[in-house]
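Visitor: Please take a close look at a single part of this model, the sheet and what lies against it, and then go on to a pair of helices.

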Amino acid sequence: MSLRGAEAIQRADKVILRTACLPSAESVKGLGVEFQTLDGFYEKSRNWDTFTEKAVREIKRAAKNCNLCYCVDGGVSEDRIAGILIADGETEVIEGATKGAKAAAKAGLTCAYQSVSAYETDGALTLPLVVYDITDKSLAGDVKLVLTERFGNDAPACFLSNGEVKRIALFEMDRQSTYNEGTAVVVYGAPLLERKRFNLEDLIEILRRLRAPDGCPWDRVQTHKSIRINAIEEAYELVDAIDCDDPDKMCEEAGDVIMQAAFHTLMEEERGNFTLTDVLSGVCEKLITRHTHVFGADKAASAEGALSVWEKNKMTEKHQNTYSDSVNDVPYCFPALLRGQKVAKRMAKGGWNFQTPESCKTKFAEEAEELAAAVKSGDKTKIASEFGDLLMVLMHTAYMLGIDSEQALLDTVKKNAARYTEWERLVLADGKDVHNLTNEEWTAYYKKAKENVERA
């Protein structure tokens, strides 16, 4: 306790301690002043929030028409009750030694660290880390789940309670014999190569090491252009893992996609253009500004409504004043069918679309006739152009019917590959050559293969 704190307690008309169950209460007893505590509210409260509400109410009641001094076990900044009282009115703050500082000193930390209450471990956490207010084994177990997920089961830690200072592995923090208001756990930092869990900053650090003069010769010479195709390949591999519904593969491939983004980000960091923080800030700001039905005044009662709000905000953000601006903004590097589908979708939003299935049928017949005429002419350029027109009609039709053209074709290719595999198996099983079948045999095997695949 500071001298100023002791003087404030002695001048007060009333003194309330958050708890008298810790050694910190002895310093108040030593002043010879009368006080009351909030210990009785613990047993009457269902949880920490309930306790806080009751405590604040009691302190405000007791403080009416008198000079009341509320004493916390640790720093004022660490106490939720004190925070509410300070925010609600004029309160003088006399800070003391924090719980985090006490624990850090006992654990031997001599560097910067993060300090949080056991009730507030749901935010961003970094090492070294001090967690205080671990009042019981159940809470210790809850906190352990959070910390081991973030830092790994075997992260080096220190358990502090009742004067005991004990080195432990992080997974052991809920396996100790004593817990109380003064219990804390300190999780130490570890060298990069000794860690089991990593974050985005670690990824960038690893890539910096690989790009360093004494790093990896291959990584050092890469450019945006030399590895651009890797981003596409990794994205497709992630999509394939999703299609296979393979969580382990999804986890691996998602990491590869993130690594590609981090690699390109680091290259631009080296050139002084932007950093990982700029990238993350940009995407977070985009999510907020485009979801104005969540973070703003717009309304959206359905997925379609939400998408409409997103598109409106996107056009505003990109300074797209017309639908043509949006159509021409579709990247040229997309696969043809995917780009065509996106263009068709944006054109449809701008009024260029079929109104009924019958109009789709009419336009398809028209384009089919033009393709037939081009084929008859033998002009390869004209044939390709008319075939493209026919595909574009199909993509517009798919959009009107709510069908994803890219996925529909992928599904059909997969289905036909399965049919062919079964068809070939049946032909070879009968000792025949796939190249020497009559039309009747070919059709019979096809029908059988189709039936077998559909039954599988």
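Guide: Leu160 stands opposite Ala184 in β8, and in this predicted model that position belongs to the pairing of strand β6 (residues 156-161) with strand β8 (residues 184-187), which runs in the antiparallel sense over four bridges. In general, strands of a sheet pair through backbone hydrogen bonds, either parallel or antiparallel. Here β6 and β8 are neighbours within an open sheet of five strands, whose order is β4-β5-β8-β6-β7 and whose pairing is mixed. At the edges lie β4 (114-117) and β7 (164-169), each of them paired on one side only, while the twist from one strand to the next averages 20°. Against this sheet packs helix α6 (residues 99-107), which touches β4, β5 (129-132), β6, β7 and β8, and whose direction makes about 120° with that of β5.

Turning to the helix pair, α10 (residues 228-243) and α11 (residues 247-270) pack with their axes 9 Å apart and at an angle of about 160°; since angles over 145 degrees count as roughly antiparallel, α10 and α11 are therefore roughly antiparallel to each other. Their crossing is left-handed. On the α10 side the contact is made by Asn230, Ala231, Glu234, Ala235, Glu237, Leu238, Ala241 and Ile242, which meet Lys249, Met250, Glu253, Ala254, Asp256, Val257 and Gln260 in α11. Sorted by character, the residues of this contact between α10 and α11 comprise eight nonpolar, two polar and five charged.

Technical notes
Residues are numbered from 1 along each chain as its sequence is written. This is a predicted model: local features need pLDDT of at least 70, side-chain atom pairs count only at pLDDT 80 or more; totals for chains, interfaces and linings use all residues. Side-chain values use heavy atoms; hydrogens and water are left out. Axes are lines fitted to C-alpha atoms, for helices over the stretch in contact, and angles run from 0 to 180 degrees between N-to-C directions. Helices (H or I, at least four residues) and strands (E, at least two) are DSSP runs, numbered from the N terminus. Angles under 35 degrees count as roughly parallel, over 145 as roughly antiparallel, 65 to 115 as roughly perpendicular and the rest as oblique. A crossing is left-handed if the near helix is turned anticlockwise from the far one by less than a right angle, and right-handed if clockwise. Contact means heavy atoms within 4.5 Å. Ala, Val, Leu, Ile, Met, Phe, Trp, Tyr, Cys and Pro count as nonpolar, Asp, Glu, Lys and Arg as charged, and the others, Gly among them, as polar. Two strands pair if DSSP finds at least two bridges between them.
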